[in-house]
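Biologist: Please take one part of this model and go through it closely, strand by strand and turn by turn. I would like a single connected account, with the cut-offs stated.

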Amino acid sequence: MTKKISFNAFEMNCIAHQSPGLWRHPQDRSVEYKDLEYWTDLAQILERGFFDGIFIADVLGIYDVYHQSAEHALTGAVQVPVNDPLQIVPAMAAVTKHLGFGVTTSISFEHPYPFARRISTLDHLTKGRVGWNIVTSYLESGSKNLGLKTQVNHDNRYDIADEYLEVLYKLWEGSWEEGSVLRDRESGIFADHKKVHPIQHEGKYFTVPGIHICEPSPQRTPVLYQAGASSRGQKFASQNAECVFIAAPSKIATKKVVQGIRQKLVQEGRDPYSVKIYALLSIVTDETDAKAQAKFKEYQSYGSYDGALTLLSGWSGVDFSQYQPTDKVEYIQTNAIQSLLDSYVNADPERVWTIEEIANWNSLGGNGPVLVGSAETVSDALQQWVEDTDVDGFNLAYILAHQTFADVVEFIVPELQKRGVYQTSYAQGTLREKLFGAGPYLPKNHRGAKYRNLKELKLAEAS
């Protein structure tokens with residue numbers, strides 16, 4: 001019997017996100033991304049469908065690898081313009097009670113000290129419904145705009161991320177002891193100063209001597225998401241992540257990544273199923289298979305070939321404009337998302353992709369597959385994906401905003417619920433409690449938990 005299936009909505013504070021060109025469709029709302037109502041409407045749709053959360057991607061840069069120019073990114077609105085992902089969360093939280101919010105920010109572009117405060121603030125405002133997608137960034141354009149001559153080496157970015165997380169764990173978990181906040185009106189003591197500690201961090205990349213300037217939030221540390229599928233990314237995820245997002249075009253490629261993540265979790269002494277793995281996928285559905293197929297063909301007519309290659313070039317670091325449409329895709333070592341080309345070239349030995357094929361594939365829903373059909377057909381396929389790949393759920397990318405998610409809630413969710421493989425209510429508590437059924441804080445065997453007693457940690461390090 002198939003295990004329970006979970007959904008996240010894969011979003012971005014921009015136009016079209018994973019389906020370049022679809023913003024031109026008369027029913028698409030993504031051009032309204034600047035309006036709060038766009039986001040509050042979406043949040044309410046997702047909560048009606050019992051989605052785990054909304055997973056908000058982000059980049060701080062522009063896709064300018066294709067033709068070595070930003071032309072196609074700008075003319076096609078390919079993830080530009082793009083607004084800040086964190087500022088839309090409080091509005092969505094205000095109109096929902098259970099929906100989680102996974103926000104993406106890069107360790108490469110913000111010092112951990114102010115970032116810790118921003119996340120704690122969000123965790124307070126959402127009553128503990130915040131997750132953080134940890135990324136190291138792959139766009140060189142973003143690095144240059146922050147004064148770097150070039151992007152930091154791929155694996156070195158994860159070395160920096162290791163220490164970045166150490167600083168955050170010290171701030172979130174250890175700076176304020178449990179019970180340090182008294183709020184005692186009679187004595188006039190708000191916090192017991194003896195239980196609030198400067199973290200005194202001095203490392204290779206960061207020096208942070210002081211205390212966390214926020215009182216502990218409902219989760220202290222947000223639910224930790226990670227999306228790196230490279231070998232180094234998987235190692236980082238196995239040490240830190242509670243949820244992992246993967247994107248691959250086939251079951252074979254997906255299964256390979258899932259197995260790699262589970263194995264690395266075991267190597268780190270963690271339960272291989274203590275982490276939820278969500279795969280990228282899109283759904284086009286309607287009352288019948290015929291109606292869904294007709295809808296899919298209509299959507300395809302709006303897809304952008306240049307827009308798809310603009311995304312692929314940015315993700316992979318390879319300028320696909322230098323190749324002919326019929327050329328075969330080959331693996332090239334780059335400093336961007338190393339797992340992307342591997343998922344096309346090495347994961348499935350029985351499939352050879354051309355440039356034109358991957359452009360058409362990525363024009364709707366990005367790097368993941370698109371399931372097309374009635375509720376019964378799509379639900380069968382979803383259950384088979386879970387059985388064949390061992391994923392826990394799916395990050396659903398929209399093709400039309402918000403029609404894709406409205407269709408999933410109307411057709412797919414009731415069918416999965418009828419089969420007993422999808423939740424019919426939310427658990428109470430924080431996002432971590434809803435996802436894992438335990439407490440609001442990081443589990444005791446998590447890397448971050450050892451930073452809860454900074455005094456003991458300092459003594460251990462000194463001995």
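**From a cis bond to a covered strand**

Modeller: Pro81 lies in the loop between helix H2 (71–75) and helix H3 (89–94). Helices (H or I, at least four residues) and strands (E, at least two) are DSSP runs, numbered from the N terminus. The model is predicted, so to speak of local features requires pLDDT of at least 70, side-chain atom pairs count only at pLDDT 80 or more, and totals for chains, interfaces and linings use all residues. Residues are numbered from 1 along each chain as its sequence is written, and side-chain values use heavy atoms, with hydrogens and water left out.

The peptide bond leading from Val80 into Pro81 is cis, with omega near 5 degrees. A cis bond is also found from Ala401 to His402, where omega is near -10 degrees. His402 belongs to the loop between S13 and H14, and the part to look at closely is the stretch around that loop.

Start with the strand before the loop. S13 covers residues 393–397, and 5 of its 5 residues are buried. Buried means under 20% relative accessible area, exposed over 50%, and partly exposed in between (1.4 Å probe, protein chains only). In a regular strand the side chains alternate between the two faces of the sheet. In S13, Gly393, Asn395 and Ala397 are on one side, Phe394 and Leu396 are on the other, and both faces are covered.

S13 has pairing partners, where two strands pair if DSSP finds at least two bridges between them. Strand S1 (residues 6–12) runs parallel to S13 and is joined to it by 5 bridges, with Ser6 opposite Gly393. Strand S11 (residues 276–286) also pairs with S13 in the parallel sense, over 4 bridges; there Ala279 has Phe394 as its bridge partner.

S1 leads on to S2, since these two strands pair in the parallel sense over 5 bridges, and Met12 stands opposite Ala57 in S2. S2 (residues 53–57) is mostly covered as well, with 5 of its 5 residues buried. One side of S2 carries Gly53, Phe55 and Ala57, the other Ile54 and Ile56, and these are all buried.

In the loop between S1 and helix H1 (36–48) sits Ala16. Ala16 is not a glycine, yet its phi is positive, about 70 degrees; with a relative accessible area of 4%, Ala16 is buried. Gln68, in the loop between S2 and H2, also has a positive phi without being a glycine, here about 50 degrees. At 60% relative accessibility, Gln68 counts as exposed.

Next comes the packing. In soluble globular proteins, nonpolar side chains tend to be buried together. A nonpolar core is a set of buried Ala, Val, Leu, Ile, Met, Phe, Trp, Tyr and Cys residues joined through side-chain atoms within 4.5 Å. The largest such core has 85 residues, and those with the most contacts inside it are Phe7, Phe51, Ile54, Trp132, Leu382, Phe394 and Ile412. Helix H6 (residues 154–174) supplies the largest share of this core, 10 residues. Apart from it lies another core, of 35 residues, which includes Val80, Phe320, Trp353 and Leu435.

Phe51 shows how the pieces meet. Contact means heavy atoms within 4.5 Å. Leaving aside neighbours within four places in sequence, the contacts of Phe51 include Phe7, Leu396, Phe405, Val408 and Val409.

On the far side of the loop in sequence is H14 (residues 403–418), whose 16 residues should span 22 Å at 1.5 Å a residue; its end C-alpha atoms are 22 Å apart, which agrees. The expected span of a helix is 1.5 Å times one less than its number of residues. H14 nevertheless has a kink of about 35 degrees, centred on Val409. The bend at a residue is the angle between axes fitted to the seven residues ending there and the seven starting there. Among the buried residues of H14 are Phe405, Asp407, Val409, Ile412 and Glu415. After H14 comes Gly420, with a positive phi near 80 degrees.
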